[in-house]
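Me: Please take a close look at the nonpolar interior of this model and at the strands and aromatic rings around it. I should like one connected account, with distances and angles where they are available.

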Amino acid sequence: MVNPSFFDPGLSINKDDTVVAVGGNDNCCTLWDISNTGTPVLKYILKHTAAVKAVAFCPWSKSLLATGGGSKDKTLKFWHSPTGTLIKEYKTSSQITSLIWSVNYRQLVVTFGFGDVDNPIVLIVYTYPDLHEILYVKTPTPLRVLSAVHSPDCSSVCVAMNDETIRFYEIWHRSSDIINEYHDRGVYGSDIIEFMEGIHNSYRKKIR
């Protein structure tokens, strides 16, 4: 199955192709069980305070979902998708329009629309779970990112802007070292959830 998040930042399917996350103008992201594609079942309603245009399942931690709120919300939220539990939230200065996880690093690209006209930012790259800003792209005049996708080799991000331009930013070095699954404490910020996910004190896996 082709992940629709390659084409629509408001849709994302988890790694097992069993759950789809759908952002909407009702200020919510809904999670649907699509194990049986003929009869999808609503699992959870994840709330923001503005439209949710950006949603993305993490490629290396299959239960981790990120969502981004619109111009009256501006909040980046992280969820444990099997339980619908909010595990972390982070306030930004602008409308969040796209979320793109790195497949090689524990990092997340966030693109922005309406927001801070005095300090216009196109995108920021955050580490996860610490949410440290390690890279950002500014513009001299206020511009909005309408949508974004990553390149086939997952090293660059292509953004569509409201000034009728398409721009390409190389974010990561090209690498074949893909993180298939990350097992270490701190991903979900909860001992109970991490125990459910099989992350224990006795199990450590070295990942850069």
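Reply: In this predicted model, the largest nonpolar core has 25 residues, and those that touch the most other members are L64, F78, L99, W101, L108, V110 and Y128. Strands β5 (52–57), β6 (64–69), β7, β9, β10 (107–112) and β11 each contribute at least two residues to this core. Separate from it is a second core of 16 residues, which includes V109, V125, A148 and Y169.

Strand β6 deserves particular attention. Six of its six residues are buried, so β6 is largely enclosed by the rest of the structure. The cover extends to both faces: L64, A66 and G68 are buried on one side, and L65, T67 and G69 are buried on the other. This arrangement may be read against a general rule: in a regular strand, side chains alternate between the two faces of the sheet.

The pairing of β6 can be followed on either hand. With β5, the strand pairs in the antiparallel sense over five bridges, and T67 of β6 is the bridge partner of V55. The two strands form a hairpin with six residues between them. With β7, β6 again pairs in the antiparallel sense over five bridges; here the bridge partner of T67 is K77. Thus T67 has a bridge partner in V55 and another in K77. The hairpin of β6 and β7 has five residues between the strands, and K74 in its turn has a positive phi of about 60°.

The loop between β5 and β6 holds W60. With a relative accessible area of 0%, W60 is buried. A polar atom of the W60 side chain lies 3.0 Å from the backbone oxygen of S102. Along the sequence W60 and W101 are 41 residues apart, while their C-alpha atoms are 9.0 Å apart in space. Both tryptophans also belong to a cluster, in which ring pairs link W60, F78, W101 and Y128.

The aromatic rings can now be considered in geometric terms. A pair of aromatic rings is described by the distance of the centres and the angle of the planes. The count for this model comes to five aromatic pairs. In one of them, the ring centres of F78 and Y128 are 4.8 Å apart and the planes stand at 45°, so the pair is tilted. F78 belongs to strand β7 (residues 75–80), whereas Y128 sits in the loop between β11 (121–127) and β12 (133–138), so the pair ties together parts that are 50 residues apart in sequence. F78 and Y128 are both buried.

Another pair has a different classification: the ring centres of Y90 and Y126 are 5.4 Å apart with the planes at 70°, so this pair is edge-to-face. Y90 lies in strand β8 (residues 85–91) and Y126 in strand β11, and the pair links these distant parts of the chain, 36 residues apart. The two partners do not share one exposure class: Y90 is partly exposed, with a relative accessible area of 25%, whereas Y126 counts as buried at 1% relative accessibility.

Two buried serines add polar contacts to this picture. S98, in strand β9 (residues 96–101), is buried with a relative accessible area of 1%. A polar atom of its side chain lies 3.1 Å from the backbone nitrogen of A148, and A148 is itself a member of the second core. Apart from its neighbours within four places in sequence, S98 is in contact with P9, A54, V109, V110, T111, S147 and A148. Of these, V110 was named above for the largest core and V109 for the second. The other serine, S12, is located in strand β1 (residues 11–13) and counts as buried at 1% relative accessibility. A polar atom of the S12 side chain lies 3.0 Å from the backbone nitrogen of F57.

As for the setting of these details, the protein chain has one helix and 15 strands. Buried residues account for 48% of its 208 residues. Among contacts between residues at least 6 apart in sequence, 40% join residues at least 24 apart. The accessible surface of the chain comes to about 10300 Å², with 53% belonging to carbon and sulfur atoms.

Key
Residues are numbered from 1 along each chain as its sequence is written. This is a predicted model: local features need pLDDT of at least 70, side-chain atom pairs count only at pLDDT 80 or more; totals for chains, interfaces and linings use all residues. Side-chain values use heavy atoms; hydrogens and water are left out. Rings of Phe, Tyr and Trp (its six-membered ring) pair if their centres lie within 6.5 Å; planes under 30 degrees apart count as stacked, over 60 as edge-to-face and the rest as tilted. Helices (H or I, at least four residues) and strands (E, at least two) are DSSP runs, numbered from the N terminus. Buried means under 20% relative accessible area, exposed over 50%, partly exposed in between (1.4 Å probe, protein chains only). A polar contact is a pair of N or O atoms within 3.5 Å; within protein, one must be able to donate a hydrogen and the other to accept it, and residues adjacent in sequence count only if both atoms are side-chain atoms. Contact means heavy atoms within 4.5 Å. A nonpolar core is a set of buried Ala, Val, Leu, Ile, Met, Phe, Trp, Tyr and Cys residues joined through side-chain atoms within 4.5 Å. Two strands pair if DSSP finds at least two bridges between them. Accessible areas come from the Shrake-Rupley method with a 1.4 Å probe; for residues, only the protein chains shown count as cover.
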